[in-house]
Structure formats: structure tokens, C-alpha cells
Amino acid sequence: MKFSLQSISYFAFLILFAACAGSKKIHQPNDTPVVQETPAPKPSGENPVTTPSDQPETLPLFTAPSREMRGVWIATVANIDWPSSGNDSFEKQKMDFLQILDFYHQRNFNAVFVQVRAAGDAFYPSELAPWSKFLTGKEGQSPKTSMDPLKWMIQAAHERGMEFHAWLNPYRATFNLDTKELSPKHDYFRHPDWMITYGTKRYYNPGLPAVQNHIANIVKEIVQKYDVDGIHFDDYFYPYKIKGLEFADQNAYRQHGRGSSLADWRRQNVDQLIRKTSEIIDSEKPWVAFGVSPFGVWRNNSQDPRGSATKAGQTNYDDLYADPLVWIKNGWVDYIAPQVYWSMDHDAASYRTLLKWWSDKAQDIPIYIGNGSYKVRNDGDEAWTSTFELPNQVAYARTIPGVEGNVFFRARSLMGNNRDVANLLLQNVYATPALAPSQKILSDVMSNIEPEISSKHLSARGLQLQISNAYLSKEVVLYGYNNAGRWELVENLRTSGSFDGETFVFNHPAIQNYPFLAIGFLGNYGELSQLKIWKP
């Protein structure tokens, strides 16, 4: 939510400012304090006579339903998820993106992680990188639209109550070695000294301070310009090793090694990027979450007694020179999303084993498990032929302390021929909607705010509310009291999506079936306000 809205009063501005002033680094439990509303009793005479209709109705206690991350990665590199082609019209690309959003929204997912930087490029107008060929067909060429594609994608996700996390590949500079495909504005031409060729791709040299600052500034540009909910790095730090090839960073090591071993120096370089990125986000918009999805194995216990009981051929620490335990210890990430792309009982890397290991190591940092949905019916491991492998993984993850949800790689993998697996997720583990996890703040401003409903109208078409103080919030959230005696999320709408800032239309088809409804606000960090509870 932007703070430059001229329509809000000075007092409201102070409230908003205070709500965003806290620290975001402490995890908040899922359930909020119980709220109860009881109508005032009727005045009684000297000898009152009561009948059932005279008894004040006690509204049900409110206990917030559990939150969890239900995300999906939308990969743009090589057009593997979206867009289908960089040569498609932007109207066709919009339709394809909405198809993905609607597919997952209808199955109660609540977040998308969209790759906006795939290989030294950008899916948005940038001063620091050329337009991506995966979006426009030719690198550096503007899309044939007056719209800002990233702004439009964020709005489309928010209209569906889904978070939008901007996913960046920080170090991959090119997807192949053909320089004719590159824009003159690509860093290969602007800063050739930053580049290292390794295998069939080029990479930014992580050991150069200028490279670290450049990537941090790319993050700054996105956070400043766009209403993203998060910044997300994937597992590509130093590249996965190719047998017989050395990563040619010796000159940078001699200049900047500071007496460390080569391996320690490389890990320190990645640490510096993570730290700088975290600091920039906190200084610009501290409510924007920063997370990383590292490779699923930190180290094998054959290499380190602190490692997992696995036999991975490559590991974060020894091969990618990434040490998530350092980032967790220093509070540089708001969550960690390890890519545990193996089946439940895989011989070399068991899903069960790795979830318990990450749970033990994550301290107070939330864990979102990365699930390998791309392996369904497409892997040598026979376990992936079962339609229940993914639903079972999600159900098992819920039993592990500290695990607060799942993110699936990748979007198209559960569409088409694997739609039945996506439907099983809906039927078995995602039957009702859920909010994404919140982040605790030191400020308690939101807890003192209650929605002021000036009018409400319920019909077969949905519920329309007029909320005069909605501008104090980031989202308006509707809950319903179900037949099992529990509150459940019905729908959440972004305040910015209201045409006048006060009118909100909830069109969930089951609204009329709830005996009680409750409305609340969410702040920038996902914190919940006081609830307004009523009987329709």
C-alpha cells in the first residue's frame, strides 16, 4: 500500500505510518486472540419476564483459522511456464497468465512466485537490465503495449487475493553463449569484466563487490516501483558443478580473498549479497518479505555431523557455496523454502528426513517446503506415478514444527495431464481457502482498529459492504462461521482494488450459507485488526 494517497487525512497517515514502523523479523503464531461480541442486554423492569426472544444472542467466539503458504513458482526462463512465446501478443500473454492464476486460485492457492529476472534481463521497464526476450521475442525490445507488464501481473494476482513474490535469478547472466541474442544494454557488453563463462552459460562473478551492489540495486528498483509482497531468490548461486570444469574466479579471489580459503570466500560472497538485499528491503519497505529457496540438502552427514542423513551428489555448502544456516542465524531472511524435490522415502534424499532436518535447523524462521510437482508422472522414481504423492507430502509437512506451507515447482506441471493431482490437493488438503502466513511487528496499531461498516447488502450475487475506514488497511478479509463450529476464510480483497476505497464486493457463492460473518482488516505485515461479527 502506498503512503502517497492524498485522499487520506493527516491522522490516517499517522496511523498508517505507525503500522509500518515495526520490525518484521519475528514470527507470529497463526491464531489471533479470541474476540467475542455480545449485544447489550435489554433494560429490565422491577419484575422482568423473559422469553426466548428476549435473550440476547451471543455471537460465536472468533479464533482465526490457521494460515499457510500455498504457492506456485511461475517460471519464465525459456518460456517453460509463461508466456508460451515471447512472440505472442501481449493480449495473448495476459490470457495465458490469467489462466494460470485462475487455475490455482480456484484450488485455494494464495501466492505466486513469478520469475521477473531470468538471465540478466527484466520483465519490467528497468534502468539496470534490458527487456527479456522471453517476454518480447527479442532482448531489449519493448513489449507491444502501453501497460507495465509487472504492474499488471501484480494487480491481477491481488484481485484474486493472492500474494505476488518477485522471483529473481541473481547470478545467471545468459542462457547460452550466443552474444548476437543479447541487447547492447546487457551487462555482458556494459561490464564484460563481471562475466564468467561456465559450461554453456555466462554468470555474474559473485566475488566482485560491484556485482553484489548491482544485484542489490536491481532488488531496490523493484521494491521501490512495485507493490510486491516479497522478493525471492532461487537456488542458483555459484552454478551447479560440471565435472572437469573450474569456475574461473581466481583473479577476483586474489584481489578480494582476504586470507580466506577459496571455498569460504565464495560462501562469504553469497552471504554478503543476502545481507545487502535484506538491508535494502528493510530500508525501503520492511513489510516486503525476503526469502530464498536453496537446494534441499545443506550437507550430507557423511561430510558434516550437522548435516542430514542423505547422500546427495551436490550440496548447498560444498558445491553451490550457499550457507542458509548463516542467513537464518543472522535474521537476513524472513523465510526459507528448501527445494525438497524427492519422494517421501527416496533412498538418497528422503522427503521425511529432510523436513525434519530443516525443522531442527530453522530456529524461528518459517519454512515453506518446495515440492517437485514437475516430477509427477515424469521421473524414474516410481513413487511419482502415484497421484497421492503430492497430497501426502503436504499432509506430512503439516505435522512438522515450523513448516508453514508449500510452494510447488512449477505452474504448468499440475495443469493439463496432471490436473487430477491438483484436484486431489483441493479435495484433500486445500478444501478451504487460507491466508498466507503473517509476520509479527512491534507496533500494535492494527489491533486497535475495528472496521466501520456503514452499509451491507447480502444477496444471491454476494455481499456488498461499505466500510468507511478501509483506507487504514492493506486488505479487507471476510470470514464465515461454518457448520463444524469453526471460522474459515471466505475471501480477502485488496483495499487498493476498491474503486472508491470504501466499497467491497465479496462474490463467493457460499456466503449466504454461513450463520455468522465477520469482517476484519489486514495490515502491511498481515496482522489482523479487531473483528466486526454479525448475523446476516
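Across the whole of this predicted model, a search turns up 35 aromatic pairs. Take Tyr238 and Tyr321 as a way in: their rings meet edge-to-face, 5.4 Å centre to centre, with 75° between the planes. This pair links distant parts of the chain, 83 residues apart, with Tyr238 in the loop between strand 8 (230–233) and helix 7 (250–256) and Tyr321 in the loop between helix 9 (316–320) and helix 10 (324–329). Tyr238 has a relative accessible area of 1%, so it is buried, and Tyr321 is buried as well, at 8%.

Now turn to Tyr341 and Tyr374, whose ring centres lie 5.5 Å apart; their planes stand at 80°, so this pair is edge-to-face. Tyr341 is in the loop between strand 10 (335–336) and helix 11 (351–361), while Tyr374 is in the loop between strand 11 (367–371) and helix 12 (389–397). Here Tyr341 is buried at 10%, whereas Tyr374 is partly exposed at 30%.

From Tyr374 you can step across to Ser413, which is in contact with Ser373, Tyr374 and Asn418, leaving aside neighbours within four places in sequence. Ser413 sits in the loop between strand 12 (403–409) and helix 13 (419–428), and its relative accessibility of 9% counts as buried.

Rings also meet charges: the charged end of Arg267 sits over the ring of Tyr317, 3.8 Å from its centre, and Arg107 lies over the face of Phe103.

Finally, look at the largest nonpolar core, with 109 residues; Ile222 is among the members that touch the most others. Beyond its neighbours up to four places away in sequence, Ile222 touches Val116, Tyr124, Ala166, Leu168, Val228 and Ile231. Apart from this core lies another of 20 residues, including Val445 and Leu493.

Technical notes. Residues are numbered from 1 along each chain as its sequence is written. This is a predicted model: local features need pLDDT of at least 70, side-chain atom pairs count only at pLDDT 80 or more; totals for chains, interfaces and linings use all residues. Side-chain values use heavy atoms; hydrogens and water are left out. A nonpolar core is a set of buried Ala, Val, Leu, Ile, Met, Phe, Trp, Tyr and Cys residues joined through side-chain atoms within 4.5 Å. Buried means under 20% relative accessible area, exposed over 50%, partly exposed in between (1.4 Å probe, protein chains only). Contact means heavy atoms within 4.5 Å. Helices (H or I, at least four residues) and strands (E, at least two) are DSSP runs, numbered from the N terminus. Rings of Phe, Tyr and Trp (its six-membered ring) pair if their centres lie within 6.5 Å; planes under 30 degrees apart count as stacked, over 60 as edge-to-face and the rest as tilted. A charge sits over a ring if NZ of Lys or CZ of Arg is within 6 Å of the ring centre and within 35 degrees of the ring normal.
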